[in-house]
Amino acid sequence: MRPGPGPTGELNTPMMEQYRRLKAACPGCLLFFRLGDFYELFFDDAIVGARELELTLTSRPTGAGQRVPMCGVPFHAAEAYLSRLVEKGYKVAVCDQVEDPRTAKGLVRREIVRVVTPGTVLDPGTLPAKANNYIASIVADPANGALGLAYLDYSTGEFRAAEYHGAVGKARLMDELICLEPAEIIFAPAVERDPELMGLLARLGRAKPTGFREEAWRPATAARVLAEHFGTVSLEAFGCADRPSAAAAAGGLLAYLKETLVGSLDHVRTLRTVDSGRGMTLDPATRRNLELIEPLHPGGASGLAAADGGTQGTDRFERGRRGSLLGVLDHTVTAAGGRLLRSWVLHPLTDGEAIRSRQAAVAELAGRQAVRGELRRILARIHDLERLLARAATGTGGARDLWALAESLAVVPALRAALEETRVPVLRGLRENLDPVEDVVDLVKRALADDPPATLKEGGLIRSGYSAEVDSLREIASGGKAWVARLQAEERRRTGIKSLKVGYNQVFGYYIEVTRPNLALVPPEYERRQSLANAERFVTAALKEREASILGAEERLRVLEYNLFLEVRDRVTSRAERIQSTAKAVAELDALSSLAEAAARYGYVVPEIADEPGLVIKDGRHPVVERLEAAGRFVANDCVLGGSAPPFALVTGPNMAGKSTYCRQVALIVLMAQMGSLVPAASARIGLVDRIFTRIGSSDDLPGGRSTFLVEMSETANILNHATRRSLIILDEIGRGTSTYDGLSLAWAVAEYITTCIGALTLFATHYHELTELEGLLPGIVNYSISVKEVGRDIVFLRKVVRGAADRSYGIQVARLAGLPAAVIERAAEILQDLEGSAGTVARREASAASGRRRSPPRPGDTALRAGRAAAAVGPTGPQGQLTLFEAADCSAAPRREQPGEMGGLVRGPHHRPR
Ligand code: ADP
């Protein structure tokens with residue numbers, strides 16, 4: 001049902017006309033329409049509101065017999081309801097009465113006073129403290145295939161843009177977008193022609209993605225909007241002068257916000273264009289597999305918070321982080337520091353210099369416990385400056401917000417003093433950027449009352465002594481009240497009515513109340529005003545006169561205090577840039593101290609960052625698993641990969657031996673090193689990697705309609721298509737989701753392809769023992785295994801990574817550990833013995849039954865045949881049964897190779913039979 005006249009026009013009452021006009025002014029929003037003490041929703045909005053907020057759906061008569069659906073919330077409780085709707089992804093426009101209903105002639109004027117959307121909320125209760133809340137925009141330039149992305153955190157003022165080109169660029173943009181977790185997305189019409197992008201947008205964001213009119217995204221229009229907003233003549237300063245798509249995305253986003261948002265964008269003071277080719281983009285699978293922000297199985301790591309002593313936040317982001325890398329590293333004491341650290345974890349650096357300088361700061365703070373302790377104590381007193389400023393600048397901030405801002409700035413000199421002795425350039429630079437903005441602190445302290453009320457229009461905001469006018473009005477107002485008290489005493493004496501009371505109410509103003517039994521004593525000059533059940537209320541000429549002066553003073557005082565407050569707030573906001581500089585420095589200092597704190601608590605070391613490829617890690621540990629293990633139980637392991645050592649390590653060992661943990665720990669150590677953190681190892685030398693790819697475990701993507709195996713293959717395809725010689729690849733159990741021989745063939749082919757065509761550093765964990773033969777067949781592959789000890793019929797996991805292949809899978813022993821019934825275990829052992837006697841028969845039967853293929857399956861030792869099968873199995877559309885080996889020429893199929901690694905076809909060599 002649309003708001004509009006009914007078939008006979010009865011809905012055209014003046015108020016419904018007004019409603020319709022306001023509703024049309026905020027397309028896509030639910031309208032909270034102020035009616036007396038309620039915000040009402042009408043028509044379809046009422047149906048949605050009643051469902052989502054569990055309100056009673058009623059109806060309101062509008063003219064001859066027509067009723068429209070309606071539900072409402074009391075105005076004083078509106079914030080909570082608004083938050084709930086925004087959490088659920090709705091956009092809500094709030095329309096208020098903008099004139100006093102008592103004095104309004106005819107229909108009260110109403111206006112939309114604010115629009116609250118998931119991407120633009122400022123309510124601290126709705127926003128996650130330690131995560132950003134972005135509204136993102138996307139443009140596509142059909143002429144050259146470029147894509148532009150801009151994203152703005154309205155709650156902090158952070159505003160960035162980037163431009164992407166080609167298929168690789170598009171993949172990066174999509175990864176980045178997933179990583180940003182935008183709350184809201186808007187897009188240019190041209191994006192609609194890309195079903196893949198639109199599919200992604202539909203899955204992201206809490207609010208439905210919104211298109212916005214074409215012309216706003218034209219580079220020239222967008223450039224003008226940006227220049228006007230920032231008061232600059234060109235886009236040079238923002239780094240997007242030569243990136244029209246980035247500028248278009250940013251300008252379009254600003255235009256959209258200016259048009260739809262009834263709030264200021266004054267706190268958005270600068271735009272930064274980020275280089276889409278620099279830094280490390282982590283694809284969503286890697287982010288998930290490495291458990292960077294949240295664990296794969298959140299329930300499974302509940303012990304971490306206690307073990308870790310980390311932040312005990314309560315918002316949903318906080319709760320989800322335990323058992324993740326961020327959960328271990330985050331010892332930040334400010335919300336902004338938490339947000340920054342999160343983005344460091346998600347965006348490791350690839351530039352050696354940048355890494356080394358951040359690392360130097362962490363190392364210095366890690367080594368100087370006293371300085372670090374002092375810094376963290378001071379930082380803990382700093383509130384969320386970015387968001388407080390945003391609230392002030394957008395007109396939502398109250399006196400308490402300004403106090404919090406001033407109190408935070410007031411500790412900046414102490415912070416600067418604590419940094420006095422630090423040596424490294426990054427810390428010196430931060431010290432310089434910490435502007436105490438004394439004039440703001442001074443102004444707030446002079447102007448605002450201690451402990452001011454939350455409301456702005458009820459007075460009580462301004463400190464005595466700040467304004468002579470406020471002081472004198474207060475004098476009258478409070479003097480008046482004293483006069484009322486005196487009058488009460490005097491009248492009691494004069495009339496002899498002991499219970500006589502002088503009171504006040506909103507409708508009748510000041511009155512004298514006399515109970516019924518005393519009415520005979522009321523003097524003649526008392527004028528009757530109101531009758532109650534047990535009493536009568538009167539006024540006198542003197543009371544009326546006095547009342548006018550008191551009320552006038554109180555009213556004038558309220559208005560004056562409000563206006564003075566607005567002045568103070570404006571003056572604070574006029575220092576936005578300086579406050580933002582301090583806020584940024586505080587966040588960075590907190591994030592650096594947090595990494596230093598983790599390093600000191602958990603015994604991390606400074607890794608050497610090398611420009612040439614290769615990893616040498618001595619006694620490395622998994623940062624998260626080691627925290628979950630009892631102290632000292634975690635077994636450290638080395639890793640030497642690339643450089644003068646082979647770049648490809650095949651890791652075998654029984655289930656539960658620790659293969660995944662080992663592979664992930666190497667990836668995490670590299671990632672930590674490249675985010676500037678110290679690392680859990682005895683020593684480490686990390687040759688910079690351009691990306692980290694992972695394919696781990698099995699997960700269905702049922703909402704996306706993909707089976708486990710298809711997910712596995714898509715992730716593998718992504719890796720093979722994008723990895724370079726400088727990448728680190730972690731593959732854990734490739735080919736599990738299909739039959740043994742299919743899986744083995746795929747795993748084999750993937751391993752060959754990586755070593756011969758890509759040359760990336762790779763850790764490949766597998767239980768396919770046949771793959772260990774690759775070590776003798778291809779240069780650059782080395783076998784490792786995780787040792788176990790047999791004790792009788794059981795095995796003990798030693799967790800130590802050793803050179804060479806594992807001899808057996810020990811599946812039956814692991815099954816016994818898991819508690820399978822003894823009968824099953826014994827029977828399995830018998831079958832295994834049989835099978836080992838006639839190796840390959842089951843697999844052969846399985847293979848031919850599964851696909852009725854003509855080819856005979858490879859046998860252990862039948863390497864050439866197996867390799868050929870692997871090559872044929874790489875692409876499902878590839879020629880069936882074509883037994884080619886990888887040769888150098890095959891590598892041309894590998895897209896985006898920087899420097900092909902060691903090539904040369906598969907070597908036929910002596911077979912290394914598994915031991
Ligand atoms: P796999 O991948 O071989 O099946 P996992 O890596 O999943 O084995 O490890 C299984 C469990 O063993 C982990 O959950 C962890 O508790 C423990 N573990 C793994 N590596 C170590 C280690 N180096 N030291 C101590 N415990 C470990």
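Is Leu-798 buried, exposed or partly exposed? That was my starting point today, and I kept in mind that this is a predicted model.

**Entry 1: Leu-798**

I looked up the relative accessible area of Leu-798 and got 35%. Buried would need under 20% and exposed over 50%, so Leu-798 counts as partly exposed. Next I checked where Leu-798 sits, and found it in strand E26, which runs over residues 794-803. I also noted that Leu-798 belongs to a nonpolar surface patch. Its partners there are Val-791 and Val-796, and the patch covers about 210 Å².

**Entry 2: around the ligand**

Then I moved on to the ligand. I found 13 residues surrounding it. The closest ones are Val-635, Met-656, Lys-659, Ser-660 and Thr-661. Which helix gives the most to this shell? I got helix H24, residues 659-674, with three residues. I sorted the shell by type too: five residues are nonpolar, four are polar and four are charged.

**Entry 3: polar contacts of the ligand**

I went through the ligand's oxygen contacts one by one. At 3.0 Å from a ligand oxygen there is a side-chain N or O atom of Glu-629. For Ala-657 the partner is a polar backbone atom, 3.2 Å from an oxygen of the ligand. Arg-799 uses its side chain again: an N or O atom there lies 3.2 Å from a ligand oxygen. Last, I looked at how covered the ligand is. On its own the ligand exposes 560 Å², and the protein buries 80% of that.

Note on methods:
Residues are numbered from 1 along each chain as its sequence is written. This is a predicted model: local features need pLDDT of at least 70, side-chain atom pairs count only at pLDDT 80 or more; totals for chains, interfaces and linings use all residues. Side-chain values use heavy atoms; hydrogens and water are left out. Patches are made of residues with over 30% relative accessible area and no salt bridge: like charges are joined within 9 Å, nonpolar side chains (Val, Leu, Ile, Met, Phe, Trp, Tyr) within 5 Å. Accessible areas come from the Shrake-Rupley method with a 1.4 Å probe; for residues, only the protein chains shown count as cover. A salt bridge is a side-chain nitrogen of Lys or Arg within 4 Å of a carboxyl oxygen of Asp or Glu. Helices (H or I, at least four residues) and strands (E, at least two) are DSSP runs, numbered from the N terminus. Buried means under 20% relative accessible area, exposed over 50%, partly exposed in between (1.4 Å probe, protein chains only). A residue is near a molecule or strand if one of its heavy atoms lies within 4 Å of it. A polar contact is a pair of N or O atoms within 3.5 Å; within protein, one must be able to donate a hydrogen and the other to accept it, and residues adjacent in sequence count only if both atoms are side-chain atoms. Ala, Val, Leu, Ile, Met, Phe, Trp, Tyr, Cys and Pro count as nonpolar, Asp, Glu, Lys and Arg as charged, and the others, Gly among them, as polar.
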